[in-house]
Amino acid sequence: MSTQATALERYRGQPAAKRPGHDPLPYSLLLPSLLLIGLINVYPFIVGFLYSLKDGSLLKQGDFVGLANYFQLPAMSDFRHALLFSAIFAICNVAGSYAIGLGLALLLNQEMPGRGFYRVALLLPWIIPSIVSIVSWRWMIADQNGLINQALDLVGVGPIFFLGSERWAIFSVIMIKIWRSFPFMMISCLAALQSIDRDLYEAAHIDGAGRWQTFRDITLPQIAGISVVLWILMTIWSVNDFETPWLLTQGGPSNSTENLIILAYKYTFTRNDVGTGSAIAFVSLIILMVLAWMLLRRQARSEV
Amino acid sequence: MASIANAGTMRRGGSRNWALSAMLAVIVVVVNLPIITMVINSFKTTDQILAGNDLLPRTLTFANYHYITERTPFWTYFANSFLVAIGATLLSIFAAALAGYALSRFAYPLIRGYSSILLMVQMFPLILALIPLFILFRNLGLVNTRLSVILLYSVVNLPFATWMFRAYFDAIPRELEEAAMIDGATRLQAFFRVVLRLSGPGVAAVTIFSFLFNYNEYLIASIFLRDDAKMTIPVGIQMFMQQYQTDWGSLMAAATLAMLPAFVFFLLVQRYMVYGAVAGAVKG
């Protein structure tokens, strides 16, 4: 606060013309944010990297081991599995949430009674706390008595032990993640659809284009730009997701639903191996940085 | 595949609209089935839930709500969640409003570069921040304090809050603050008295979005808040889920209560949802 006050003092009496770089006010406006980012992002980034070069625990610093923590990763089967699961989780979630989100956006883009209500009601899975969605889903897929198994029983199938087998656990985690993600895709696609120039549709209509043709030749190209941005964003969020798999399965059964974030968490906070945990966290940072770089390039291109 | 092309004709042909509306009503129910059954089950006893004969209970019971009120620290968690969420929201709103103003009004290269920093913050893996910060905060005695969580949440909120503020400030004509400055106000005074006041609805939207995120967050809280007396709702319910896996009734009552504030705040800002979701993401 005091820095702002002095910046304010200095600003008084200056000519109205803004000479870039010489006016301290704009920079001091960033100061509170930069202080927070320094403590919560920059400090952990530097110290975390140092940890990843040591064999320390949560209690003692440990010795410098160079890049050994990184070199061991490719040989670790749990790391390879987590890498694979992170990729499958992200790809399935992006594809699933985009398909459902776009489909619903196309429906909601039409005039109908109750449209405003439906739009709001379909956002609920996105806005409720993760723990609430997991509690509600756990009951749906619970053994024997859960709603899905009761329904399966009616048609003479099952019961399926969704969280008991590795394959079904992976399926369940992905399904619930899609459920939590599609509303974002839906609302973003709806915004994109509504920004399309209606004259294009009029023209297509006059030219006698069918519905599928209109969709393929007008709607899809018009929302392609934002779609790519949405895919990259959702990939980042999926790779970064801890809560969905952790709250549902805690990475199990065995380690089937462990992604990189959960693995880094387990190494650090349950196995007390800060070196390996930090190295895994840095690998996920590198993956996310590549994705962010793609996003920036994409945004730069769409702004031209 | 549906398209807007038919919107005009469909307004006349009302019967198809009703069909579409009915279809969406079914979709809404199916999609929200987990939430709906959770709320209904919270009014059944665990035995009734497990018997699972009727979807709707014949008699409503508040036994689960009584139980979590009398026997668990649920309302302590509830209060903690609010304290943490409000503290973090205030801190991030303060920092983000100032930064958003800088981004909106001063197109210096360094200020523009700050937007890229925000993108980095946005994708920074939390786990990477949590490992060193846990060790640092433990040495500083900040573990099990609300301050630790408030500091982390406020940074997680920064990117989207700053981008939203910038978008709102961009829409306010510069002439208004310039007029105030000619009348003798400093730029900061002009910002607080003119720009911020005119973006009232925007400030409200950003505030509630931040609050929603803070209120819902689990990972950070689970690492820093380890005492019953300090835990937030998501951490408390997770503990409960671990210990009493089969007590579905209480679990669902707790989750239903936990959902209510998020639900109410969401209804207040749902009109801005598109804005919040897309503005930051697409404009960078």
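The exercises below, each with a worked solution, concern a predicted model.

**Exercise 1. The interface**

Describe the contact of chain A and chain B by residues, area and polar pairs.

Solution.
- Step 1: start with the residues. Chain A contributes 107 residues to the contact, and chain B contributes 107 residues.
- Step 2: turn to area. About 9,900 Å² is buried between chain A and chain B, and 76% of it is on carbon and sulfur atoms. On the side of chain A, the residues that lose the most area to chain B are A:Leu29, A:Trp139 and A:Arg211, together 7% of what that side buries.
- Step 3: look for charged and polar pairs. The rule finds zero salt bridges across the interface, but 13 residue pairs in polar contact, both at pLDDT 80 or more.
- Step 4: sort by class. The side of chain A that touches chain B has 77 nonpolar, 19 polar and eleven charged residues.

**Exercise 2. Helix H14 of chain A and the loop before it**

Follow chain A from the loop between H13 and H14 to the residue just after H14(A), and state the backbone features.

Solution.
- Step 1: find the cis bond. The peptide bond from A:Gly252 to A:Pro253 is cis, with omega near -5 degrees. A:Pro253 belongs to the loop between helix H13 (243-249) and H14.
- Step 2: check phi in this loop. A:Ser254, also in the loop between H13 and H14, is not a glycine, yet has a positive phi of about 45 degrees. Its relative accessible area is 55%, so A:Ser254 is exposed, the cut-off being over 50%.
- Step 3: examine the start of the helix. A:Asn259 caps the N-terminal end of H14(A), with a side-chain oxygen 3.2 Å from the backbone nitrogen of A:Ile261.
- Step 4: assess burial. H14 spans residues 260-270, and ten of its eleven residues are buried; among them are A:Lys266, A:Tyr267 and A:Phe269.
- Step 5: pass the end. A:Asn272, just after H14(A), takes a positive phi of about 60 degrees.

**Exercise 3. The largest nonpolar core**

Which residues touch the most other members of the largest nonpolar core, and is B:Asn144 buried or exposed?

Solution.
- Step 1: pick out the residues. The core has 197 residues, of which B:Phe137 and B:Phe224 touch the most other members. Helix H6 (residues 74-105) of chain B gives the most to this core, 15 residues.
- Step 2: list neighbours. Leaving out residues up to four places away in sequence, B:Phe137 touches residues including B:Leu142, B:Leu151 and B:Phe224.
- Step 3: place B:Asn144. B:Asn144 sits in the loop between helix H8 (126-139) and helix H9 (146-170) of chain B, and has a positive phi of about 70 degrees although it is not a glycine.
- Step 4: apply the cut-off. B:Asn144 counts as buried because its relative accessibility is 18%, under 20%.

Notes:
Residues are numbered from 1 along each chain as its sequence is written. Chains are lettered from A and ligands numbered from 1 in the order in which they are written. Side-chain values use heavy atoms; hydrogens and water are left out. Buried means under 20% relative accessible area, exposed over 50%, partly exposed in between (1.4 Å probe, protein chains only). Helices (H or I, at least four residues) and strands (E, at least two) are DSSP runs, numbered from the N terminus. A polar contact is a pair of N or O atoms within 3.5 Å; within protein, one must be able to donate a hydrogen and the other to accept it, and residues adjacent in sequence count only if both atoms are side-chain atoms. Contact means heavy atoms within 4.5 Å. Buried area is the accessible area (1.4 Å probe) that two parts lose on being put together, summed over both. A salt bridge is a side-chain nitrogen of Lys or Arg within 4 Å of a carboxyl oxygen of Asp or Glu. Ala, Val, Leu, Ile, Met, Phe, Trp, Tyr, Cys and Pro count as nonpolar, Asp, Glu, Lys and Arg as charged, and the others, Gly among them, as polar. A nonpolar core is a set of buried Ala, Val, Leu, Ile, Met, Phe, Trp, Tyr and Cys residues joined through side-chain atoms within 4.5 Å.
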